[in-house]
Amino acid sequence: MKRILIVEDEEALCLLYEEELSGEGYDVTTARDAEQALEILKGERFDLIVTDIRMPGRDGVELITQIMGLRKEIPIVINTAYQSYRDDFMTWAADAYVIKSSSLDELKARIRELLAR
Amino acid sequence: MTSPSELRKDAVSGRWVIIASDRSKRPDDFRPAKTAERPRVSSAFCPFCAGNEAKTPPQIFALAGPDDGSGRAPWRVRVVPNKFPAVSRGDAPARTKSGLFESMPGIGVHEVVIESPDHDREMADLPTDHIRDILTTYQARLQSLETEPQYAYVQLFKNKGMDAGASLSHPHTQIVALPIIPKRVKEEIYNSDRFFRKTGECLFCRALAEELGAGERIVLKNEHFAAFEPFASRFPFETRIFPLRHAPHFSGARPEELAALAETLSAVLSKLKALLGDPSYNLVLHQSPHPARARRHWPEIERIAHWYLEIIPVLTHVAGFEWGTGFYINPVVPESAAKFLRE
């Protein structure tokens, strides 16, 4: 079973992603901020990471650059409500950029594509 | 009573500027307080650095450098499409209009020129043959985009430093092709067209000739280029680099001109770096829109458009007065700025 780490500060969204992606057959772990995500990544391995950008403390862009220092090969999906981070070339550390929406179809499609690579 | 300021008009843009020299300050007092660049985290990941090519989209152009034996990077300059672009390639878009609300699909091209495999070597630090390779790369990409007439204007620009809008300190340039001719480009062409119909001359060639005649705002001149602080500079140390030969597009620059431009850029950027404390800056190409699109409005487009580079160090802030009026207040007299850079 493929393992996915979701980094999302909003509790309701965390629960939604966990439920929806578990329903797709993934083993889902959630972290509520970058610090927690990095702590989890010290002891566990994942096949893919989905991260929000605007979070308390370190933002998602800082988080993915930190992750690149640990494991460059891990696919990362940025999942944000904002288009504006497309201008930030540090987001190129990620493999996909998804705008949050009420439908999770695009997020699920990007995850499927990246895990199939 | 003598006025503490002077209003000046820029002939090219038609814009007025207030030159308000603060006499208590010297040009080098405009060295900016350094804004910290985003720190490189842990193992210093940067998507533009050599070794991280897999994190960029596949390259569309690259030039190899001289073999230094390190085998570190098989490229010296490379171009990739924007990984997460705000516009996407497509045919000429149809405009839709509902009353005053006009829109069209977001068609365009957004490419990134990675200027060097080295994260920390800015253009000012590179040897001139490397800068010439960057210019050759610009030219190749512009020539390619000019074969696609759905893109009415190709904008090339470089943001250096966070204060200039750069999100990453690894030296890079961006190229954006747009389906419309931007308003600022139109303003310059309108002014040049009006001047041409009155005098039969290119406005840019005349502006250059008058700057060379006056001499006091010239920073340097070689066989093919002149760098000067415009008479009505909006910002301290705003510098224009004009080719001496009339040409509407950068893509038409000759090899000897690219070599001379590399020397000119190297000299100007090194001076700005050394004398102004390595300021953030924007480097912007001004040139003709696509001739097939521009000829509809300006039949003489090849004679009235004249490409040039503009370098704007970020030393002051644009605020309410500038946004409201389109006037800019420049606290450094351009003649003083030019003298400071010359000496």
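Let's start with the cysteines: across all chains, this structure holds 0 disulfides. Keep in mind as you look around that the model is a predicted one. A good place to see what the missing disulfides mean up close is B:Cys202, which takes part in none. The cysteine sulfur nearest to B:Cys202 belongs to B:Cys205, and it lies 3.7 Å away. A disulfide would need the two sulfur atoms within 2.5 Å, so a pair 3.7 Å apart does not count as one. B:Cys202 has a relative accessibility of 8%, which makes it buried, because the cut-off for that label is under 20%. Over in the other chain, A:Cys14 is buried too, with a relative accessible area of 4%.

Now step back to chain A as a whole. Its fold is built from 4 helices and 5 strands. If you walk along the sequence, these elements come in the order β-α-β-α-β-α-β-β-α. The radius of gyration of chain A is 13 Å, close to the 13 Å that the globule rule gives for 117 residues, so chain A is as compact as a globular protein of that length. Its C-alpha trace spans about 30 × 30 × 30 Å along the principal axes. Of the 117 residues in chain A, 52% are buried. If you take the contacts in chain A with a separation of 6 or more, 60% of them are between residues 24 or more positions apart.

The surface of chain A is worth a glance as well. About 5400 Å² is exposed, and carbon and sulfur atoms supply 45% of that area. Chain A carries 15 positive and 24 negative charges, and the mean positions of the two sets are 5 Å apart.

Chain B comes next, with 8 helices and 15 strands. Here the radius of gyration is 21 Å, close to the 20 Å that the globule rule gives for 343 residues, so chain B is also as compact as a globular protein of its length. Its C-alpha atoms fill a box of roughly 65 × 50 × 40 Å along the principal axes. Buried residues account for 53% of the 343 in this chain. Among contacts in chain B between residues at least 6 apart in sequence, 70% join partners at least 24 apart. Chain B exposes about 15400 Å², with 54% of it coming from carbon and sulfur atoms. Its 44 positive and 42 negative charges have mean positions 4 Å apart.

Two threonines of chain B make handy stops for a closer look. B:Thr56 sits in the loop between strand S2 (16-19) and strand S3 (61-63). Is B:Thr56 buried or exposed? At 8% relative accessibility, B:Thr56 counts as buried. Leaving aside neighbours within four places in sequence, B:Thr56 is in contact with B:Pro47, B:Arg78 and B:Val80, and also with A:Trp92 from the other chain. Between B:Thr56 and B:Ile107 there are 21 Å, C-alpha to C-alpha, and 51 residues in sequence.

The second stop, B:Thr96, belongs to strand S5 (residues 96-98) of chain B. B:Thr96 is partly exposed, with a relative accessible area of 44%. Which residues does B:Thr96 touch, not counting those up to four places away in sequence? They are B:Phe101, B:Glu102 and B:Ser103. From B:Thr96 to B:Pro331 it is 44 Å in space, C-alpha to C-alpha, and 235 residues in sequence.

Note on methods. Residues numbered from 1 in each chain as written. Chains lettered and ligands numbered in written order. Predicted model: local features only at pLDDT ≥ 70, side-chain atom pairs only at ≥ 80, totals over all residues. Heavy atoms only, no water. Rg over C-alpha atoms; globule rule 2.2 N^0.38 Å. Buried < 20%, exposed > 50% of the residue type's maximum accessible area, 1.4 Å probe, protein only. Contact = heavy atoms within 4.5 Å. Areas by Shrake-Rupley, 256 points an atom, 1.4 Å probe, with all protein chains shown as cover. Lys, Arg positive; Asp, Glu negative; His and termini not counted. Charge placed at Lys NZ, Arg CZ, Asp CG, Glu CD.
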